[in-house]
Amino acid sequence: HPTDQLKIKLLLDEKIKGNRIVGLEARIEPGHVHQLHIHENEYVLVYSQSGKCLVTIGKTTRTISPKTMMFIPPKVPHRFYNKFSAPWEGIAFAIGTNKKINNIWMEN
């Protein structure tokens with residue numbers, strides 16, 4: 001399953017006037033991929049804490065270093081690929097969902 005490659009820890013889960021914001025710690029081990037997917041209803045902010053990761057958001061791919069913030073609007077395909085030798089760790093906040101976050105996978 002695609003989520004087997006991503007370790008997460010729930011940091012925040014607050015309802016905000018019918019919606020909510022969910023905060024997660026994420027870790028991707030060297031050589032692992034959090035496969036291409038979209039979120040139907042969530043805006044996602046990702047803050048890179050340590051390590052490097054090759055990140056694709058829409059049609060743009062670049063290497064993300066620590067202390068970098070990424071913004072992913074709803075329905076925009078994105079992928080995280082740790083092709084480096086150290087784990088990548090970050091914090092993600094999904095904003096605007098009123099139910100469980102639903103990843104729609106675009107590759108196997």
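Okay, let's start with the fold. This chain has 10 strands and 0 helices. Keep in mind that we are looking at a predicted model. Read the chain along its sequence and you get β-β-β-β-β-β-β-β-β-β.

Now the contacts. Take those with a separation of 6 or more: 69% of them join residues 24 or more positions apart.

Next, the surface. The chain has 108 residues, and 32% of them are buried. About 6,400 Å² is exposed. Carbon and sulfur atoms supply 54% of that area.

On to the largest pocket. Its volume is about 550 Å³. Which residues come closest to its centre? They are Leu6, Ile8, Leu24, Ile101 and Asn103, out of 26 that line the pocket. Several strands give two or more residues to this lining, among them strand 1 (7-16), strand 3 (33-39) and strand 9 (88-97). Which strand gives the most? Strand 2, with 5 residues. And the make-up of the lining? We have 16 nonpolar residues, 7 polar and 3 charged.

Last stop: one residue, Thr56. Find it in strand 5, residues 53-57. Is Thr56 buried or exposed? Its relative accessibility is 11%, and the cut-off for buried is under 20%, so Thr56 counts as buried. What does its side chain touch? The side chain of Thr56 makes a polar contact with the side chain of Thr61, at 2.7 Å. Now set aside the neighbours within four places in sequence. Thr56 is then in contact with Thr61, Pro77, His78 and Arg79. Thr61 is on both lists, as a polar contact and as a contact beyond those neighbours.

That's my tour. Over to you.

Key:
Residues are numbered from 1 along each chain as its sequence is written. This is a predicted model: local features need pLDDT of at least 70, side-chain atom pairs count only at pLDDT 80 or more; totals for chains, interfaces and linings use all residues. Side-chain values use heavy atoms; hydrogens and water are left out. On a 1 Å grid over the protein atoms alone, a cavity is a set of points where a 1.4 Å probe fits but cannot get out, and a pocket is an open set with protein on both sides within 12 Å along at least five of seven lines; lining residues have an atom within 4 Å of a point. Grid points are joined across faces, edges and corners, and a volume is the space filled by probe spheres set on the points. Helices (H or I, at least four residues) and strands (E, at least two) are DSSP runs, numbered from the N terminus. Ala, Val, Leu, Ile, Met, Phe, Trp, Tyr, Cys and Pro count as nonpolar, Asp, Glu, Lys and Arg as charged, and the others, Gly among them, as polar. Buried means under 20% relative accessible area, exposed over 50%, partly exposed in between (1.4 Å probe, protein chains only). A polar contact is a pair of N or O atoms within 3.5 Å; within protein, one must be able to donate a hydrogen and the other to accept it, and residues adjacent in sequence count only if both atoms are side-chain atoms. Contact means heavy atoms within 4.5 Å. Accessible areas come from the Shrake-Rupley method with a 1.4 Å probe; for residues, only the protein chains shown count as cover.
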